[in-house]
Amino acid sequence: MKLVVGVSGGSGIPYAHAVLRALHDLNVESHLIVSSGAKRVMTAEGSGPQLPDLTALARHVHDDRDLAAGVASGSFRTDGMLIVPCSAGTLAKVAHGFADNLLARAAHVTLKERRPLVLVLREDPLPRPALLNMLAAHDAGATVMTASAGFYHAPRSVEELLHFVTARVLDQFGLDVPGFQRWREDTP
């Protein structure tokens, strides 16, 4: 399997790190694109994962300014793309086809080719423009998710909350993350 992983400027870089670690462990070929906004957020958040932590887990890393990268073309076959975290600005770009950087262009190509695109939003509260953009992205073919963990598995750490969101995101691509406890999975 081959997935494009976009990381945009919303707070929540630990979600991206958890997804990349899971893809690495599942031996999924990942193509990482980190926006300039995401790089600023990493610096501002300081204590969380930084760019080297993300790039170490990706099989391929693409510069967000390189609109000639393979992932910018529909002829470059992938099994889909996810953007985690997906900022409100990136959501708007995806919803309206504004492809001014590689991350937005790869998302546009993913929708154009009718491949799965998962947008993982982390921002709250959601103003009307974001809600409309979520609907527009959904109508264009994307799956819109929030980085909202469940609690039925009685998480005891932030890592377990990240694991829950990671597993739900990768479910969208048919990938099973080891150790994920599903609701009433053991109940007949």
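Here are three short exercises on this structure, each with a worked solution.

The model is predicted, with local features needing pLDDT of at least 70 and side-chain atom pairs counting only at pLDDT 80 or more, while totals for chains, interfaces and linings use all residues. Residues are numbered from 1 along each chain as its sequence is written, and side-chain values use heavy atoms, leaving out hydrogens and water.

**Exercise 1. Place Val-4 in the fold and find its surroundings.**

Step 1. Start with the element: Val-4 lies in strand S1. Strands (E, at least two residues) and helices (H or I, at least four) are DSSP runs numbered from the N terminus.

Step 2. Is Val-4 buried or exposed? Val-4 counts as buried because its relative accessibility is 2%; buried means under 20% relative accessible area, exposed over 50%, and partly exposed in between, with a 1.4 Å probe and protein chains only.

Step 3. Now look for contacts, meaning heavy atoms within 4.5 Å. Leaving aside neighbours within four places in sequence, Val-4 touches residues including His-31, Ile-33, Val-71 and Leu-82.

Step 4. Finally, try a distance: Val-4 and Ile-83 are 79 residues apart in sequence, yet their C-alpha atoms are 8.3 Å apart.

**Exercise 2. Describe the largest nonpolar core.**

Step 1. A nonpolar core is a set of buried Ala, Val, Leu, Ile, Met, Phe, Trp, Tyr and Cys residues joined through side-chain atoms within 4.5 Å. The largest one has 37 residues, and Val-7, Leu-54, Leu-82 and Leu-170 have the most contacts inside it.

Step 2. Which elements each supply at least two residues? Among them are strands S1 (2–7) and S4 (81–86) and helices H1 (13–25) and H7 (158–171). H1 gives the most, with eight residues.

Step 3. Zoom in on Leu-82. Leaving aside neighbours within four places in sequence, its contacts include Leu-3, Val-19, Val-118, Leu-170 and Phe-173.

**Exercise 3. Characterise the lining of the largest pocket.**

Step 1. Here a pocket is an open set of points on a 1 Å grid over the protein atoms alone, where a 1.4 Å probe fits, with protein on both sides within 12 Å along at least five of seven lines; lining residues have an atom within 4 Å of a point.

Step 2. List the lining: Ala-18, Arg-21, Asp-25, Glu-159 and His-163 are among its residues.

Step 3. Assign elements: H1 and H7 are the ones giving two or more residues, and the largest share, four residues, comes from H1.
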